[in-house]
Amino acid sequence: MTPLWIAIALLLLPALWLLVAPMRGSRVLRDQLHHFEANDTSAEQNVAIFRRRLASLEAARERGDIDDARFAEDRLELERSLLEDTAVQTKRPLKTATAGRIVVPLVMIAVVGASTFWYQQHGAEGDLTLYAIQQELRSDPDSSLEMYLERMEAEAERQPNNPNVWSALFPLYRETGQPDKADDALERLIAIEGRIPPLLAQLAQLRFFMAGRELTPDVQSLVDETLEQDPRQPTVLGMLGVYAFDNGDYEAAIDRWRRALANIEDSNTASSLREGIRVAQERLGITPEIADVDAAQGQGVRVTVSLDQTLVDNVEDGATVFITARDMEGELPPLAVVRGQVSELPMTVVLDDTAAMSPEAQISQVREVRLMVRVSPSGQATPQPGDLFGDLESVSVGPISEDDAATVIIDRIFE
């Protein structure tokens with residue numbers, strides 16, 4: 001952390017210099033003010049103007065232009081005006097050039113203290129510490145998972161409100177066979193980040209396996225809460241597929257794993273789900289539809305999606321991108337759905353039967369599809385005003401080729 005504090009000190013130096021700079025010229029400024037006041041003749045000029053106006057007033061009375069009462073009234077007004085002009089020019093004694101210098105170091109101390117306090121409250125010192133620990137252990141050939149866990153537990157005591165600490169501890173506890181501590185870490189993370197679907201789904205999955213792959217009332221409650229917020233949450237759908245498979249309901253397992261695949265991002269998890277689908281299909285006595293996913297030899301469409309440059313400023317990188325294939329008549333549910341983020345654009349994806357939402361509606365069942373791409377800042381599956389979208393009609397479905405891809409440009413705003 002020493003380089004960080006050195007950097008902060010270097011940033012504070014210009015601010016401290018600006019505080020000191022006025023004091024460096026205080027003596028010169030005082031001399032200038034003293035010279036100006038010593039040579040100021042504004043009072044004499046005001047008196048001279050008063051005398052000229054009074055003389056003019058006396059001459060008007062002698063000519064009979066005004067009577068004595070009017071003369072007295074106008075003279076009183078002139079005297080009052082002279083008094084007002086000279087009263088505001090009463091000069092206070094100039095202070096010495098060193099007056100107030102004690103305030104400057106106090107202000108400097110206050111600036112440094114306030115800056116340090118603000119950084120400790122809102123800065124990323126804790127995250128930098130976590131990064132330093134990771135780098136230190138990564139460069140140490142003798143480091144181990146247990147050592148990393150000990151360091152992270154120490155950081156959890158030091159910065160208990162840092163969500164990154166608990167998000168690092170949760171998988172560590174899970175990998176080291178400490179499910180109770182993993183549960184506690186996840187609960188702490190949810191308390192900080194809120195009850196959002198990804199975290200609730202991980203908690204439900206953890207407790208599902210802790211309960212021997214049973215849907216206990218507690219797990220079911222978490223599942224219901226998660227699906228209410230995000231009906232396509234892949235972690236929960238994958239877990240429900242496991243439960244259905246364990247209970248011999250292979251059709252339900254296939255359906256839930258297919259829906260999870262449409263929203264999964266991790267390639268290893270996706271491969272596991274595809275293997276599960278294949279085994280479930282074999283248990284049902286049907287020919288597996290996915291013989292070799294990696295070869296991508298099934299029927300489908302390869303799609304390249306990009307965002308029109310004129311709309312780049314209309315959406316954030318974290319917004320959700322829905323890439324959907326629909327039948328030309330629009331009578332069936334979506335045939336294939338893949339989800340991504342704006343930060344991944346331009347991106348190329350494959351829409352095939354593995355991305356189907358239902359066994360009754362698959363892309364291999366049609367010859368042509370309409371490709372629809374929508375960017376949702378809210379992440380909702382239902383179109384909302386302000387969403388960005390693009391589409392492409394009459395795209396042929398066939399063997400997927402590495403060299404052939406349909407192009408869809410997101411170039412409109414949904415009203």
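**Helix 10**

I looked up what packs over helix 10 and found that the cover of its buried residues includes helix 8 (163–175), helix 9 (179–193), helix 11 (217–229) and helix 12 (234–246). I take helices (H or I, at least four residues) and strands (E, at least two) as DSSP runs, numbered from the N terminus. Contact means heavy atoms within 4.5 Å, and buried means under 20% relative accessible area, with exposed over 50% and partly exposed in between (1.4 Å probe, protein chains only).

The model is predicted: local features need pLDDT of at least 70 and side-chain atom pairs count only at pLDDT 80 or more, while totals for chains, interfaces and linings use all residues. Residues are numbered from 1 along each chain as its sequence is written, and side-chain values use heavy atoms, with hydrogens and water left out.

I listed the buried residues of helix 10 as Pro-197, Leu-199, Leu-200, Ala-201, Leu-203, Ala-204, Leu-206, Arg-207 and Phe-208. I then checked the length of helix 10 (residues 197–210): at 1.5 Å a residue its 14 residues should span 20 Å, and the end C-alpha atoms are 20 Å apart, which agrees. The expected span is 1.5 Å times one less than the number of residues. After helix 10 comes Gly-212, with a positive phi near 75°.

**Helix 8**

I ran the length check on helix 8: its 13 residues, at 1.5 Å each, should span 18 Å, and the end C-alpha atoms are 19 Å apart, which agrees. Buried in helix 8 are Pro-163, Val-165, Trp-166, Ala-168, Leu-169, Phe-170, Leu-172 and Tyr-173. I noted Asn-162 as the cap at the N-terminal end of helix 8, with a side-chain oxygen 3.0 Å from the backbone nitrogen of Asn-164. Just after helix 8, Gly-177 has a positive phi of about 70°.

**Helix 13**

For helix 13 (residues 250–261) I get 16 Å expected from 12 residues at 1.5 Å each, and the end C-alpha atoms are 16 Å apart, which agrees. The buried residues of helix 13 are Tyr-250, Ala-252, Ala-253, Ile-254, Trp-257, Arg-258, Ala-260 and Leu-261.

**Second largest pocket**

I looked up the second largest pocket and found about 440 Å³ of space in it. Helix 10, helix 12 and helix 14 (267–283) are the elements giving two or more residues to its lining. The lining has 21 residues, and those nearest the centre are Gln-205, Gln-233, Pro-234, Thr-235 and Ile-264.

**Val-305 and Thr-354**

I found Val-305 in strand 1 (residues 299–307). Val-305 counts as buried because its relative accessibility is 0%. Apart from neighbours within four places in sequence, Val-305 is in contact with Ile-323, Leu-345, Pro-346, Met-347, Val-373, Val-408 and Ile-410. I also noted that Val-305 and Glu-344, 39 residues apart in sequence, are 9.6 Å apart in space, C-alpha to C-alpha.

Thr-354 sits in the loop between strand 4 (347–352) and strand 5 (368–376). I have Thr-354 as buried, since its relative accessible area is 9%.

**Whole chain**

I counted 14 helices and nine strands in the chain. Of the 415 residues in the chain, 34% are buried. Among contacts in the chain with a separation of 6 or more, 60% come from residues 24 or more positions apart.

How values were computed:
On a 1 Å grid over the protein atoms alone, a cavity is a set of points where a 1.4 Å probe fits but cannot get out, and a pocket is an open set with protein on both sides within 12 Å along at least five of seven lines; lining residues have an atom within 4 Å of a point. Grid points are joined across faces, edges and corners, and a volume is the space filled by probe spheres set on the points. A polar contact is a pair of N or O atoms within 3.5 Å; within protein, one must be able to donate a hydrogen and the other to accept it, and residues adjacent in sequence count only if both atoms are side-chain atoms.
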